[in-house]
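This report describes the fold and interior of a single protein chain. The sequence and the model are shown first.

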Amino acid sequence: MNPWELNLCVICEGNLVTTPHHSQFPAIELIVAELRAGGDHAVSARRLDGEGLAYGTAQVDANTVRESPHLRYVICGNGHLFFAGYGGMQGSNQPPPLTPQVVAMIGSPAAGKSYLLIRTLHQSLPGEPSIRSRNERSLTNPVFASLSSQYTLSAADGTVLTPTGLGNTPGELIPQLLDFDDSWQYIVDAIHAWNPEIDDAKIRATWRHSIFQPVIRDYQVYPSTDNHANRTPGHRIQLYVTDLAGEQFTPADLPFDMIAQRQRAIHLAGFDALVWTIDTAICDSFREWADDGAVTALLGSLRPEKADLYQAVEDRRATQEELATTISDDGFNVSGGGRQEFIVTIAKADLFHHTLANRSLAELGATPGLVRRGIERYLRSMFSEGVTLPLFKLVNVIPGPTGIDPEMLHTRIGQLSQALVSQFSNPDIFWNLVETGEPFTVTVDVHEPNVHHPNWEFDVMSEAESIATQRRFNVHVTARTAMISALGAGLCYGLGLGDTIDALLQQRDRRTSFAVVSALGGVPSTVEGPDGELRLSGEHADSTHTVGLANARDNSAGLQHLLMSMIRRVAS
């Protein structure tokens with residue numbers, strides 16, 4: 001999906017081509033040209049529809065700017081800045097084409113999306129063929145750098161990240177990013193010429209109400225080869241990730257307005273991948289299942305604030321439930337065809353790890369057996385979609401010439417699901433899937449085994465090997481991704497989201513998978529800062545299951561799995 005080639009901005013549905021539709025201002029094209037190698041730069045800004053004058057460096061003709069090697073940007077009518085490619089370059093100087101992938105993270109307030117976004121985009125993907133992030137010279141780089149600095153400060157002294165939408169909107173960011181060579185003024189001039197009543201202050205004020213400016217990251221994808229020295233360039237991915245405030249996509253304001261709900265669902269359908277972040281800490285089922293120590297530990301996972309925390313949690317839970325209604329809309333249809341990668345992400349999995357020392361997943365949920373039902377539901381969906389031959393080892397079945405006996409498959413999936421509840425209740429195996437990423441073995445002990453229903457076991461590869469397998473063979477499911485998604489589906493059922501997961505798995509326009517992650521690498525607690533404000537801390541009286549807050553660049557198997565899920569469609 002090329003955002004700058006659409007009529008509407010995929011982030012906010014703002015205008016990109018002609019008369020403003022979902023925005024008040026026309027879209028702007030910005031050209032930044034290097035007139036001499038290592039020398040002067042020139043800037044040109046004009047309306048994207050080509051109407052009106054071009055505003056820019058006075059001493060250089062606008063055509064000269066466009067004919068020189070340059071970087072091209074597009075700014076939608078609501079202020080979202082996109083890198084739209086290179087121009088004026090010939091032959092070997094022409095960079096390889098970029099494959100865009102547009103991703104949104106969405107969830108209730110304080111679900112940890114900002115922490116999750118930063119940590120995920122800092123992950124390096126292991127294995128061969130490799131995928132490596134690139135540090136491109138681009139106006140969009142400071143957005144990621146700013147967020148990374150905020151995370152570093154949070155990990156160092158516990159300062160809580162700015163909530164989504166505060167300080168990261170185009171109204172605050174874009175004038176700062178374009179504070180060079182009068183670039184911002186040229187944009188103001190182009191919009192002012194379109195409507196003389198609009199000035200600098202009006203643009204800034206309007207764009208402050210826009211959705212979060214996406215973070216843009218470049219990745220170099222290398223082809224599979226055993227000879228590192230003779231690698232061909234492969235291709236490049238340009239990943240756009242925006243942090244959506246879930247409350248902007250819920251029907252809370254108009255609870256019976258089905259048209260508004262459908263419009264929200266259509267907007268979310270415009271993304272190549274959608275990451276729905278489930279906040280474990282606000283789920284009643286988790287608090288009822290957890291022991292007293294885990295309930296106490298919840299406080300640090302609820303975004304420290306001294307306001308009415310009880311009411312805040314109630315509001316967040318309402319948003320999560322209403323968002324579930326929006327995303328499971330049965331009229332969902334991906335614009336432009338294809339299938340959207342939809343990743344249901346269990347955030348704050350460290351809370352489960354903390355609790356599993358004294359609890360079993362079999363006990364999670366309003367009624368017994370919900371986790372098993374969720375695991376079973378996902379596995380049935382996975383096998384109904386069709387899987388590669390090696391995955392049949394998970395259910396100890398070898399398909400014959402006429403396929404597989406449905407009754408036997410049904411029985412084996414049930415037996416495997418029961419065994420996985422026990423396996424996933426082991427804190428070490430659980431944390432392996434979330435954090436460490438090592439290979440392990442699943443053992444299935446059936447009740448009264450016999451020749452028709454034997455015990456069996458299978459190996460689950462490491463996260464590194466799983467990612468390499470997905471790349472080499474262009475497959476979406478490996479033994480490890482199946483285990484992660486099975487665990488995620490089971491946890492969702494246990495947290496009371498079973499109906500939503502059922503609806504998602506039935507949507508043909510989405511490929512629904514799951515991730516189970518800990519953005520902070522451990523259970524945070526709260527401490528009082530020097531000015532009386534609440535801050536995060538990784539220190540606990542009982543530190544058996546907790547660590548200090550993870551560094552942004554620390555690798556995590558669960559986060560690597562999430563990043564691969566976000567770019568999988570364009571990574572092969």
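The account below moves from the chain as a whole to a central strand, the nonpolar core, a cavity and individual residues.

**Overall composition**

The model is predicted. Its chain holds 18 helices and 16 strands, and buried residues account for 55% of the 572 residues. Among contacts between residues at least 6 apart in sequence, 73% join residues at least 24 apart.

**Strand β11 and its partners**

Strand β11 spans residues 340–347, and 8 of its 8 residues are buried. In a regular strand the side chains alternate between the two faces of the sheet. On one side of β11 are Gln340, Phe342, Val344 and Ile346, and on the other are Glu341, Ile343, Thr345 and Ala347; both faces are covered.

Two other strands pair with β11. Strand β10 (residues 273–279) runs parallel to β11 and is joined to it by 7 bridges; within this pairing, alanine 273 stands opposite glutamate 341. Strand β14 (residues 510–516) is also parallel to β11, again with 7 bridges, and there threonine 512 is the bridge partner of phenylalanine 342.

**The nonpolar core and helix α18**

In soluble globular proteins, nonpolar side chains tend to be buried together. The largest nonpolar core of this model comprises 160 residues, and Trp276 and Met566 have the most contacts inside it. Helix α16 (residues 479–494) gives the most to this core, with 10 residues.

Which residues does methionine 566 contact, leaving aside its neighbours within four places in sequence? They are Gln101, Val103, Met105, Thr120, Leu121, Leu239, Val241, Ala273, Val275 and Ile343. Of these contacts, Ala273 is the residue that stands opposite glutamate 341 in β11, while Ile343 is a buried residue of β11 itself.

Met566 is one of the buried residues of helix α18. That helix covers residues 557–567, and because 11 of the 11 are buried, α18 is largely enclosed by the rest of the structure. Its buried residues include Gln560, His561 and Ser565 as well as Leu559, Leu562 and Leu563.

**The cavity**

The structure holds 1 cavity of 30 Å³ or more, with a volume of about 60 Å³. Elements that give two or more residues to its lining are α2 (113–121) and α3 (141–157); α2 gives the most, with 3 residues. The lining consists of 11 residues, and Ser114, Leu147, Thr162, Asn168 and Asp243 lie nearest the centre of the cavity. By class, this lining has 5 nonpolar, 5 polar and 1 charged residues.

**Two buried helix residues**

The table sets out the burial of two residues from separate helices.

| Residue | Helix | Relative accessible area |
|---|---|---|
| Leucine 351 | α11 (residues 350–355) | 0% |
| Threonine 500 | α17 (residues 498–506) | 12% |

Why does threonine 500 count as buried? Its relative accessible area is 12%, and residues are classed as buried because their value is under 20%. Not counting residues up to four places away in sequence, threonine 500 touches Trp276, Ala324 and Ser328. Trp276 is thus a contact of threonine 500 and also one of the residues with the most contacts inside the largest nonpolar core.

Leucine 351 and serine 301 are 50 residues apart along the chain, and their C-alpha atoms are separated by 8.6 Å.

Key
Residues numbered from 1 in each chain as written. Predicted model: local features only at pLDDT ≥ 70, side-chain atom pairs only at ≥ 80, totals over all residues. Heavy atoms only, no water. Buried < 20%, exposed > 50% of the residue type's maximum accessible area, 1.4 Å probe, protein only. Helix = DSSP H or I, 4+ residues; strand = E, 2+ residues; numbered from the N terminus. Pairing = 2+ DSSP bridges. Core = buried A, V, L, I, M, F, W, Y, C linked by side-chain atoms within 4.5 Å. Contact = heavy atoms within 4.5 Å. 1 Å grid on protein atoms, 1.4 Å probe; cavity = no way out; pocket = protein on both sides within 12 Å on 5 of 7 lines; lining within 4 Å. Points joined across faces, edges and corners; volume = space filled by probe spheres on them. Nonpolar A, V, L, I, M, F, W, Y, C, P; charged D, E, K, R; others polar.
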